Amino acid sequence: MNKCRVCGHESSGPIFVAKEMMFENAGHFEYFECPDCNCLQLATVPDDLAHYYGPDYYSFQAPTDTKTKGETKNPSRVLDVGCGAGLQLCAMAANGIASLTGCDPFIEKDIEYENGVKIYKKSIHEMEGEFDIIMLNDSFEHMGDPHEVFDSLKRLLAPKGAVKMTLPVYPNFAFDAYKENWFQLDAPRHIILHSKKSLELLANQHGLRLGRFTCDSNNSAILRSYLYKKGITFYKQKPEEIGKYFTKTELVDIERKTAIANRNGHGDHATVFFVHQ
């Protein structure tokens with residue numbers, strides 16, 4: 001029996017065995033679907049989860065411009081949760097956002113850039129203060145304690161503030177086609193692939209409200225999943241591989257099907273906003 005980390009439902013439903021595909025020969029991992037809140041999640045989180053990131057993980061790469069600070073145009077206090085080395089925060093600094101803070105427990109140490117961006121080697125639960133905008137840019141799916149995260153979001157969010165999440169979502173058209181080869185499973189780094197229902201449940205139980213849910217998949221939902229099925233790992237997926245496996249007509253058709261899935265709320269990635277109830 002598997003117990004859902006979101007709604008607590010216990011079930012013995014179907015198991016999907018996904019291979020780690022960012023690095024080679026890094027193991028297989030079981031995922032199960034909760035029949036109640038419809039999210040898909042890792043059955044057992046590895047004790048050494050940090051091992052599956054490593055120093056070359058994409059979000060840990062340092063921004064190229066850490067000095068530019070634009071003229072202040074927006075006084076918002078921003079927190080980016082799971083920000084890695086702070087690429088997006090540095091871009092926001094150049095555009096005149098006043099107060100920019102990040103946190104990520106997997107970085108090597110605290111970082112402070114010349115443009116004023118400060119990043120702490122902390123989880124969201126260790127952060128203090130009040131923020132007008134809290135961002136989780138493709139990071140919430142990496143967290144195995146969703147209720148505790150929403151408690152921290154509620155605590156840190158200013159009364160008129162908003163939480164913005166971008167994240168892979170389930171169920172979706174890419175999983176329908178590729179099952180355990182869906183590239184957004186990203187085993188074992190993605191612990192919970194949330195559904196709209198699971199996100200609404202979390203928000204409602206922790207004093208927040210889901211304000212907007214917009215699917216925004218791109219063609220990688222199909223292209224990368226197809227190459228995973230072929231056994232081509234993430235870092236070996238080069239642009240030239242696309243022309244080897246797909247004709248121009250097929251690529252146009254993939255774009256069309258992706259757009260339809262997004263319009264129907266069945267894309268594999270979404271941007272979601274939360275506000276106080």
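How many bridges pair β3 with strand β4 (residues 28–33), and in which sense do the two run? There are 5 bridges, and the sense is antiparallel. Keep in mind that this is a predicted model.

**The open sheet**

β3 and β4 belong to an open sheet of 4 strands, laid out in the order β3-β4-β5-β12, with antiparallel pairing. At the edges you'll find β3 (15–19) and β12 (192–193), each with a single partner strand, so one side of each has no neighbour in the sheet.

If you want to check the register by eye, start with Ala18, which stands opposite Phe29 in β4. Going on to the next pair, β4 and strand β5 (residues 40–42) are joined by 3 bridges and run antiparallel. Here Tyr31 stands opposite Leu42 in β5. The hairpin of β4 and β5 has 6 residues between the strands, and one of its residues, Asn38, takes a positive phi near 70 degrees.

**A loop residue that meets the sheet**

Ala187 sits in the loop between α3 and β12. Is Ala187 buried or exposed? Its relative accessibility is 1%, so Ala187 counts as buried; the cut-off for that is under 20%. Beyond its close sequence neighbours (those within four places), Ala187 is in contact with Ala18, Lys19, Glu20, Met21, Phe29 and Tyr31. Ala18 and Phe29 are the residues that stand opposite each other in β3 and β4. Along the chain, Ala187 and Val17 are 170 residues apart, yet their C-alpha atoms are 9.3 Å apart in space.

**His142 and Tyr120**

His142 is in another loop, the one between β10 (131–137) and α2 (146–156). With a relative accessible area of 13%, His142 is buried. Its side chain reaches the backbone oxygen of Asp138 at 3.5 Å. Not counting residues up to four places away in sequence, His142 touches Tyr53, Tyr57, Arg189, His190 and Ile191.

Tyr120, by contrast, is in a strand, β9 (residues 118–120). Tyr120 has a relative accessible area of 27%, so it is partly exposed. Leaving aside neighbours within four places in sequence, its contacts are Thr101, Gly102, Cys103, Asp104, Ile107, Asp110 and Met127. Tyr120 and Ala85 are 35 residues apart in sequence, with 9.9 Å between their C-alpha atoms.

**Two helices, two faces**

Now for α7 and α4. Here is how their residues sort out:

| Helix | Buried residues | Arc of buried residues | Exposed residues on the other side |
|---|---|---|---|
| α7 | Ile254, Thr258, Ala261, Asn262 | 95 degrees | Lys248, Thr249, Val252, Arg263 |
| α4 | Ser198, Leu199, Leu202, Ala203 | 135 degrees | Asn204, Gln205 |

Helix α7 (residues 248–263) passes a simple length check: at 1.5 Å a residue, its 16 residues should span 22 Å, and its end C-alpha atoms are 23 Å apart, which agrees. Why do the buried residues of α7 line one face of the helix? Seen down the axis, they fall within an arc of 95 degrees, so they line one face. The cover over that buried face includes α3 (173–178), β13 (208–215) and α5 (220–229). After α7 comes Gly265, with a positive phi near 70 degrees.

Helix α4 covers residues 196–205, and its buried residues are Ser198, Leu199, Leu202 and Ala203. These cover an arc of only 135 degrees around the axis, which puts them on the same side of α4. Among the elements covering them are α2, β11 (157–168), β13 and β14 (269–276). Gly207 follows α4, and its phi is positive too, near 75 degrees.

**The nonpolar cores**

Which residues have the most contacts inside the largest nonpolar core? They are Ile134, Leu136, Phe140, Leu153 and Met165, in a core of 63 residues. Take Ile134: setting aside neighbours within four places in sequence, Ile134 is in contact with Leu79, Val81, Leu153, Leu156, Leu157, Ala162, Val163 and Lys164. There is also a second, separate core of 14 residues, which includes Cys83, Met92, Leu100 and Val117.

Terms used
Residues are numbered from 1 along each chain as its sequence is written. This is a predicted model: local features need pLDDT of at least 70, side-chain atom pairs count only at pLDDT 80 or more; totals for chains, interfaces and linings use all residues. Side-chain values use heavy atoms; hydrogens and water are left out. Buried means under 20% relative accessible area, exposed over 50%, partly exposed in between (1.4 Å probe, protein chains only). A polar contact is a pair of N or O atoms within 3.5 Å; within protein, one must be able to donate a hydrogen and the other to accept it, and residues adjacent in sequence count only if both atoms are side-chain atoms. Contact means heavy atoms within 4.5 Å. Two strands pair if DSSP finds at least two bridges between them. The expected span of a helix is 1.5 Å times one less than its number of residues. The arc is that of the directions from the helix axis to the C-beta atoms. A nonpolar core is a set of buried Ala, Val, Leu, Ile, Met, Phe, Trp, Tyr and Cys residues joined through side-chain atoms within 4.5 Å.
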